[in-house]
Amino acid sequence: MSGARDNVIVDKSELFADRITKMYRYLSDKRLGDKDLLKQIVRSGTSVGANVSEGQYAQSKADFLTKMTIALKEANETRYWLKRLHAFGSLSEKEYSSIITDNEEIISILTVITKTTRENMKKENGKK
């Protein structure tokens with residue numbers, strides 16, 4: 001729908017994908033964490049940014065909403081996997097606290113984006 005310049009969610013989701021990838025490499029090198037679980041968190045954590053990026057050039061508002069909703073679902077799945085890594089002792093309290101804060105912030109932003117987009121689409125269609 002719009003270009004990706006100076007866009008907070010684009011920037012945050014890209015930085016988050018980078019952090020998830022670095023975390024994956026670190027935990028894999030140290031053999032801290034189940035290999036399948038680590039692959040899963042990389043998929044969901046990087047998918048957030050991929051869907052946000054796709055949404056920036058959506059063909060319609062409905063397409064934009066779909067991409068942002070998928071990004072939100074992926075961010076929520078990533079939260080689940082982060083909690084598992086922490087519960088299994090793969091992430092220290094400090095590591096977990098740092099990355100989960102970023103994850104929660106992205107979830108909050110995407111929640112507002114999807115809610116506002118839905119409301120705006122309803123208004124445009126003459127519905128309350």
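Among contacts in the protein between residues at least 6 apart in sequence, what percentage join residues at least 24 apart? In this predicted model, the share of such contacts that join residues at least 24 apart is 75%. The legends below begin with the whole chain and then turn to single places.

**Figure 1. Overview of the predicted model, a protein with 4 helices and 0 strands.** Read from the N terminus on, the elements follow one another as α-α-α-α, and the C-alpha atoms fill a box of roughly 55 × 25 × 25 Å when this is taken along the principal axes. The helices shown in the later views are H1, which covers residues 8-29, H2, which covers residues 35-55, H3, which covers residues 61-87, and H4, which covers residues 93-124. Of the 128 residues in the protein, 39% are buried.

**Figure 2. Surface and charge of the whole protein, with an accessible surface of about 7,800 Å².** Carbon and sulfur atoms account for 50% of this accessible surface. The protein carries 23 positive and 18 negative side chains, and the centres of these two sets lie 4 Å apart.

**Figure 3. Close-up of Tyr80 and Trp81, which form the 1 aromatic pair that the structure holds.** The pair is edge-to-face, with a distance of 4.9 Å from centre to centre and an angle of 75° between the planes. The pair counts as edge-to-face because the angle between its planes, 75°, is over the cut-off of 60 degrees. The two partners differ in their exposure, for Tyr80 is partly exposed with a relative accessible area of 42%, whereas Trp81 is buried with a relative accessible area of 19%. Trp81 is called buried because its 19% falls under the cut-off of 20%. Tyr80 has a further partner in this view, since the charged end of Arg84 sits over the ring of Tyr80, at 5.2 Å from the centre of that ring.

**Figure 4. Close-up of Leu27, a buried residue of helix H1.** The relative accessible area of Leu27 is 0%, and, leaving aside its neighbours within four places in sequence, Leu27 is in contact with Leu32, Leu38, Leu85, Ser90 and Leu91. One of these contacts, Ser90, is 63 residues apart from Leu27 in sequence, while the C-alpha atoms of Leu27 and Ser90 are 7.3 Å apart in space.

**Figure 5. Close-up of Arg31, which lies in the loop between H1 and H2.** The phi angle of Arg31 is near 55°, which is a positive value in a residue other than glycine. At a relative accessibility of 75%, Arg31 counts as exposed.

**Figure 6. Close-up of Lys35 in helix H2, shown together with Tyr24.** With a relative accessible area of 58%, Lys35 is exposed. Lys35 and Tyr24 are 11 residues apart in sequence, and their C-alpha atoms are 9.4 Å apart in space.

**Figure 7. Close-up of Thr114, a buried residue of helix H4.** The relative accessibility of Thr114 is 3%, and its contacts, leaving aside neighbours within four places in sequence, are with Leu65, Met68, Thr69 and Leu72. Lys83, whose place is in helix H3, is 31 residues apart from Thr114 in sequence and 24 Å apart from Thr114 in space, C-alpha to C-alpha. Whereas Thr114 is buried, Lys83 is partly exposed, with a relative accessible area of 39%.

**Figure 8. Close-up of Thr66 in helix H3, with Arg25 marked as a second position.** Thr66 counts as partly exposed, at a relative accessibility of 41%. It counts as partly exposed because 41% lies between the cut-offs of 20% and 50%. In sequence Thr66 and Arg25 are 41 residues apart, and in space their C-alpha atoms are 30 Å apart.

Methods: Residues are numbered from 1 along each chain as its sequence is written. This is a predicted model: local features need pLDDT of at least 70, side-chain atom pairs count only at pLDDT 80 or more; totals for chains, interfaces and linings use all residues. Side-chain values use heavy atoms; hydrogens and water are left out. Rings of Phe, Tyr and Trp (its six-membered ring) pair if their centres lie within 6.5 Å; planes under 30 degrees apart count as stacked, over 60 as edge-to-face and the rest as tilted. Buried means under 20% relative accessible area, exposed over 50%, partly exposed in between (1.4 Å probe, protein chains only). A charge sits over a ring if NZ of Lys or CZ of Arg is within 6 Å of the ring centre and within 35 degrees of the ring normal. Helices (H or I, at least four residues) and strands (E, at least two) are DSSP runs, numbered from the N terminus. Contact means heavy atoms within 4.5 Å. Accessible areas come from the Shrake-Rupley method with a 1.4 Å probe; for residues, only the protein chains shown count as cover. Lys and Arg count as positive and Asp and Glu as negative; His and the chain ends are not counted. The place of a charge is taken as NZ of Lys, CZ of Arg, CG of Asp or CD of Glu.
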